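Hi everyone, thanks for having me. I'd like to walk you through one structure today, so let's get it up on the screen.

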Amino acid sequence: MRTKMVAFAYTIAGSEATGGAGFQVDLKTFHQLGCYGAGALTCIVSFDPNNHWAHRFVPVAPQIIADQIEAATAAQDLDTVKIGMLGHPDTIHTVATALKKQPWKNVVLDPVLICKGQEPGQALDTDNALREEILPLATVATPNYFEACTLAGMEKLATVEDLAEAAKRISALGPKYVVVKGGTEFPGPDAIDVLWDGSEAIVYSAPKIGNERVSGAGCSLAAAITAELAKGTEIRIAVKIAKELVTAGIQARVSGHTPFDTVWQGAYASKQA
């Protein structure tokens, strides 16, 4: 019998074998922010060190995905979920069907529009399915620069006003809240994210730490927002905490034999101690 109330955060995402993104990052982030994490695997991605670290993508069978979600939602009263890489139209349909079987207080969508292990035609089908079946179910969306341009129908995001406009346009597609991440592509010395909260745009800024992408930053941000919402944190504070966690994680990034570094989620908790 459970003697202490614990916040539960759920993820539906792909596995990334090095631990630097996806399902593994989600669970690590949930844990660092004091949530009990669980999830369903949608695909398995492993980089190929013999082919310039290209993606090797293997989807999980739709029925197995449905079985995982059924088991978790029967075991616990889950109301907050993060959606990460789905990667295939059949997967998207399966997840959308499962989400509709119960009410969710928070559905945080990290809209992965590019799966590098897919052919261009299949990737377009996946993008369209995500837009049509999952985006309308989301309460929060966290697109990066490219994803925001694509979903908002904008060629570029050159100003803070552009980030806000993109967020508003994407919110009109379904999500009440949208966090557009400027990232390294956004011009200037600062890493700027903008939250559209349904009535106004809130800007979050921190100095850029280098000019190269760090693996797991987007996953960590969305997972941190998910964890905070699961605990009952108000959306503007949830995004603030998520931004701080990612900034600390990039500062303490983990290097290896890969051509990219990865975020260290544990850095945030260390700074709070």
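Let's start with a tryptophan. W53 is partly exposed, because its relative accessible area is 24%, and that falls between the 20% limit for buried and the 50% limit for exposed. Before I go on, please keep in mind that this is a predicted model.

So where is W53? You'll find W53 in the loop between β2 and β3. What makes me pause here is the backbone: W53 has a positive phi of about 60°, although it is not a glycine. As background, most residues other than glycine have a negative phi.

Now look at H52. H52 also has a positive phi, near 55°, and it isn't a glycine. H52 sits in the loop between β2, residues 36–48, and β3, residues 54–59. Is H52 buried or exposed? With a relative accessible area of 75%, H52 is exposed.

Okay, on to helices. In general, you describe two packed helices by the angle between their axes and the distance between those axes. Take α2, residues 62–75, and α3, residues 89–99: they pack at an angle of about 25°, and their axes are 9 Å apart. Angles under 35 degrees count as roughly parallel, so α2 is roughly parallel to α3. The crossing of these two, α2 and α3, is right-handed.

Which residues of α2 and α3 meet? On the α2 side we have P62, I65, A66 and I69, and on the α3 side D90, T91, T94, V95 and A98. If you sort the residues in this contact of α2 with α3 by class, you get six nonpolar, two polar and one charged.

Here's a second pair to hold up against that. Helix α5, residues 145–152, packs with helix α6, residues 160–171, at an angle of about 55°, with the axes 9 Å apart. That angle makes α5 and α6 oblique to each other. And the handedness? α5 passes α6 in a left-handed crossing. From α5, the contact uses A148, L151 and A152; from α6, it uses A166, R169 and I170. By class, the contact of α5 with α6 has five nonpolar residues, one charged and no polar ones.

Next, let's zoom in on a single alanine, A224. A224 is in helix α7, which covers residues 217–230. Its relative accessibility is 0%, so A224 counts as buried. What does A224 touch, once we leave aside neighbours within four places in sequence? A224 is in contact with T29, L33 and A242. There's also a nice example of the chain folding back: A224 and D26 are 198 residues apart in sequence, yet their C-alpha atoms are 8.0 Å apart in space.

Another buried one is T262. T262 belongs to the loop between α8 (235–251) and α9 (266–272). T262 counts as buried because its relative accessibility is 14%. Not counting residues up to four places away in sequence, T262 touches G20, V214, S215, G249, R253 and V254.

Last stop, cysteines. How many disulfides does the structure hold? Zero. C219 is in no disulfide, and the nearest cysteine sulfur, that of C43, is 11 Å away. A disulfide would need the two sulfur atoms within 2.5 Å. C43 is buried, with a relative accessible area of 0%, and C219 is buried too, at 16%.

That's my tour, thanks for listening!

Definitions and conventions. Residues numbered from 1 in each chain as written. Predicted model: local features only at pLDDT ≥ 70, side-chain atom pairs only at ≥ 80, totals over all residues. Heavy atoms only, no water. Axes fitted to C-alpha atoms, helices over the stretch in contact; angles between N-to-C directions. Helix = DSSP H or I, 4+ residues; strand = E, 2+ residues; numbered from the N terminus. Parallel < 35°, antiparallel > 145°, perpendicular 65-115°, else oblique. Left-handed = near helix turned anticlockwise from the far one by under 90°. Contact = heavy atoms within 4.5 Å. Nonpolar A, V, L, I, M, F, W, Y, C, P; charged D, E, K, R; others polar. Buried < 20%, exposed > 50% of the residue type's maximum accessible area, 1.4 Å probe, protein only.
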